[in-house]
Amino acid sequence: MREALEKIEQAAKEQLEMVSEAKALEELRVKFLGKKGELTAILKQMGKLSPEERPVIGQLANKVRSDIEQAIAQRLESINNAEKEKRLKEETLDVTLPGKKIKIGKPHPLNKVLNEVEEVFIGMGFDIVEGPEVETDHYCFEALNMPKHHPARDTQDTFYINENVVLRTQTSSVQIRTMENTKPPIRIISPGRVYRSDTVDATHSPLFHQIEGLVIDKGITMSDLKGTLELLMKRLYGEECKIRLRPHHFPYTEPSAEVDIMCFNCGGKGCSMCKQEGYVELLGAGMVHPKVLRDCGIDPEIYSGFAFGIGLERITMGRFNINDMRLLYENDLRFLGQF
Ligand code: DAH
């Protein structure tokens, strides 16, 4: 029995040396010291011993058990230490390394200018309304005094869904929709996409953006139109900027005007940028035609109003000195990152 006990101790120590995980160590503990383990099996045979041998073997068995327990504890500690060291090594964190840069996007130049325009008009008590991009011929042309075969349609050829449904060529359609279901006073702007079957070049795109404006109330005059647009342009381009109204024709306004801004480059003297004009064309505007008002159920004897349509691309290009419209749509971050 003494021999058997010594063998167990020896075997336990040898096998402990080979173990490198806490889990395997526990398995060994069960194997040698557990209720069904090797040591217990030997102790169960103690009854067969003589009374003299019993205390001696008993003592030895206790010593073997505590030796093995101690060896397991030591081994566990060294396994734990090794694991801790390994983790520390793997998880070292160099707090002096520079952090990862997170790239933050910014508004597209068109949105930037649109936000500015909206802010100016909200400040003057305007509402912002939207209209459909797929529009009926009626709202896009007919109700704006442009019946079929009207020559003014020539410059606004568009994409036809069918004979009566088009991709809108102008946000002016929203004027009609608004007047039809709102009682004056009306003060709105309506930004949005418009479409024309134009070929792409530095100043044309089959898809671009307009901002429509409409004011209807008692006693509205051309001077209200001029004052409103002047305020907008000074906010966008600075206090020293000057605008001028030039007679023009739109079927849905009377009188009509084109609004020009003084050339930033030459200050009105004339240069290559403004084609020697001194001014650059910005937008169309006018006093809403009495027929248009009447057709929308608004009495032109009581109410009058002005309307305008601004090309968002045009005022954005002027604002940031961009000389090619295509740059706005190419989504090249090297370009867009500059604004
Ligand atoms: N709809 C015109 C265009 O697309 C711009 C315009 C002119 C809008 C006069 C208006 C206006 O509201 O009164 O060229």
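Helices and strands here are DSSP runs, a helix having at least four residues and a strand at least two, and both are numbered from the N terminus. With that in hand, open the structure, which is a predicted model, and let's take a walk through it.

**Stop 1: a charged spot on the surface**

Select Asp157, in the loop between helix H6 (137-140) and strand S3 (160-162). Is Asp157 buried, partly exposed or exposed? Its relative accessibility is 44%, so Asp157 counts as partly exposed. Now add Asp154, Asp198 and Asp201 to the selection: together with Asp157 they form a negative surface patch.

**Stop 2: the whole sheet**

Next, switch to a cartoon view and find the open sheet of seven strands. Their order is S1-S5-S6-S10-S9-S8-S7, and the pairing is mixed. Which strands stand at the edges? They are S1 (127-128) and S7 (243-248); each has a single partner strand, so one side of each is left without a neighbour in the sheet.

**Stop 3: in from the S7 edge**

Colour S7 and strand S8 (residues 253-262). These two strands form a hairpin, with four residues between them, and they run antiparallel, joined by six bridges. To see one place where they face each other, select His248, which stands opposite Ser256 in S8.

Keep Ser256 selected and look across to S9 (residues 279-288), where Gly286 stands opposite Ser256. Ser256 therefore gives you a handy marker, with His248 opposite it and Gly286 in S9 opposite it too.S8 and S9 pair in the antiparallel sense over eight bridges. For another pair between these strands, pick Asp260, whose bridge partner in S9 is Glu281.

How many residues of S8 are buried? Eight of its 10 are, so S8 is largely enclosed by the rest of the structure. S9 is mostly covered as well, with eight of its 10 residues buried.

**Stop 4: on to S10 and S6**

From S9, move to strand S10 (residues 304-311); the two run antiparallel and are joined by five bridges. Select Leu283 and you will find Ile310 of S10 opposite.

On the next step, bring in strand S6 (residues 207-217), which pairs with S10 in the antiparallel sense over eight bridges. Here Glu212 is the residue to click: its bridge partner in S10 is Gly309.

While you have the strands on screen, try showing side chains. In a regular strand they alternate between the two faces of the sheet.

Definitions and conventions: Residues are numbered from 1 along each chain as its sequence is written. This is a predicted model: local features need pLDDT of at least 70, side-chain atom pairs count only at pLDDT 80 or more; totals for chains, interfaces and linings use all residues. Side-chain values use heavy atoms; hydrogens and water are left out. Patches are made of residues with over 30% relative accessible area and no salt bridge: like charges are joined within 9 Å, nonpolar side chains (Val, Leu, Ile, Met, Phe, Trp, Tyr) within 5 Å. Accessible areas come from the Shrake-Rupley method with a 1.4 Å probe; for residues, only the protein chains shown count as cover. A salt bridge is a side-chain nitrogen of Lys or Arg within 4 Å of a carboxyl oxygen of Asp or Glu. Lys and Arg count as positive and Asp and Glu as negative; His and the chain ends are not counted. The place of a charge is taken as NZ of Lys, CZ of Arg, CG of Asp or CD of Glu. Buried means under 20% relative accessible area, exposed over 50%, partly exposed in between (1.4 Å probe, protein chains only). Two strands pair if DSSP finds at least two bridges between them.
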